[in-house]
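Please look at the structure below with two topics in view: its pockets and its salt bridges. The text takes them in that order.

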Amino acid sequence: MTALALPRCPWCGNDPLYMAYHDQEWGRPQHDDHKLFEMLILEGAQAGLSWITILRKREGYRRAFHGFDPQQVARMGEDDVERLMLDSSIVRNRLKINSAIRNARVFLQLQQEHGSFAQWLWAHTDGQSVVNHWQSLAECPASTPLSDRISKALKKAGMNFVGSTVIYAYLQATGVVNDHLLGCHLHPAYPH
């Protein structure tokens with residue numbers, strides 16, 4: 001079966017960028033702090049928008065936020081915010097830009113306290129992906145008790161744009177939760 005003909009979750013449609021993201025990233029367990037920070041920035045930016053909008057602006061975000069280096073982002077200040085408000089390669093939303101900087105500082109704090117952000121995050125599932133068995137997108141929730149707990153902990157630590165719905169999307173994106181549908185070639189139960 002060719003890559004184009006493989007059964008996929010229907011949300012990615014036929015857009016090559018979306019299909020590549022679905023096949024190569026979404027739902028794959030991620031333990032690299034740099035990648036976890038990137039997805040945290042992108043998921044926060046996505047709030048209220050479509051994911052494809054953010055995917056199309058991903059390289060703009062990579063440039064704007066120093067290759068998603070949390071240490072460099074944490075050092076950004078008001079001049080950087082003003083510059084980014086003029087940058088059409090990202091979503092020009094002052095609250096979201098400020099949030100990325102604030103969240104970088106908290107991210108670094110959590111790294112320091114727990115050895116890595118990945119250790120902190122994956123401790124919520126005992127280091128294992130939560131594999132769901134949804135037949136259709138309609139069954140897939142927007143949030144869960146797990147995303148509620150992680151969202152609450154991140155807010156308590158000082159992050160924002162980390163509501164439970166944003167965090168559930170983040171958990172799906174980073175493979176903490178595997179929400180590939182049963183008929184998708186990337187679900188563990190799919191016959192290979």
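In this predicted model, the largest pocket is lined by 17 residues. Those that lie nearest its centre are Trp26, Trp51, Tyr168, Ala169 and Gln172. The volume of the largest pocket is about 430 Å³.

Three helices each supply at least two residues of this lining: helix 1 (16–24), helix 2 (33–46) and helix 10 (164–173). The largest share comes from helix 10, with five residues. Sorted by class, the lining of the largest pocket has 12 nonpolar residues, three polar residues and two charged residues.

The second topic is charge pairing. Side chains of opposite charge can pair when their charged atoms come close. The structure holds 11 salt bridges. Among the residues that take part, Glu25, Lys35, Glu38, Arg58, Glu59 and Arg62 are linked in a network.

Within this network, Arg58 can be taken as a starting point. Arg58 forms a salt bridge with Glu25, and the closest N and O atoms of this pair are 2.7 Å apart. Arg58 lies in helix 4 (residues 58–64) and Glu25 in the loop between helix 1 and helix 2, so the salt bridge ties together parts that are 33 residues apart in sequence. Are the two partners buried or exposed? Arg58 has a relative accessibility of 9% and therefore counts as buried, the cut-off being under 20%. Glu25, at 21%, counts as partly exposed because its value is not under that 20% cut-off.

Arg58 also forms a salt bridge with Glu38, where the closest N and O atoms are 2.9 Å apart. This pair links distant parts of the chain, with Arg58 in helix 4 and Glu38 in helix 2, 20 residues apart. Glu38 has a relative accessibility of 4%, so Glu38 counts as buried.

Which residue of helix 4 forms a salt bridge with Glu38 and lies 24 residues apart from it in the chain? That residue is Arg62, and the closest N and O atoms of the pair Arg62 and Glu38 are 3.4 Å apart. This pair, too, links distant parts of the chain, helix 4 with helix 2. Arg62 counts as partly exposed, at 26% relative accessibility.

Taken together, Glu38 pairs with Arg58 and with Arg62, while Arg58 pairs with Glu25. Lys35 and Glu59 also belong to the network.

Key
Residues numbered from 1 in each chain as written. Predicted model: local features only at pLDDT ≥ 70, side-chain atom pairs only at ≥ 80, totals over all residues. Heavy atoms only, no water. 1 Å grid on protein atoms, 1.4 Å probe; cavity = no way out; pocket = protein on both sides within 12 Å on 5 of 7 lines; lining within 4 Å. Points joined across faces, edges and corners; volume = space filled by probe spheres on them. Helix = DSSP H or I, 4+ residues; strand = E, 2+ residues; numbered from the N terminus. Nonpolar A, V, L, I, M, F, W, Y, C, P; charged D, E, K, R; others polar. Salt bridge = Lys/Arg side-chain N within 4 Å of Asp/Glu carboxyl O. Buried < 20%, exposed > 50% of the residue type's maximum accessible area, 1.4 Å probe, protein only.
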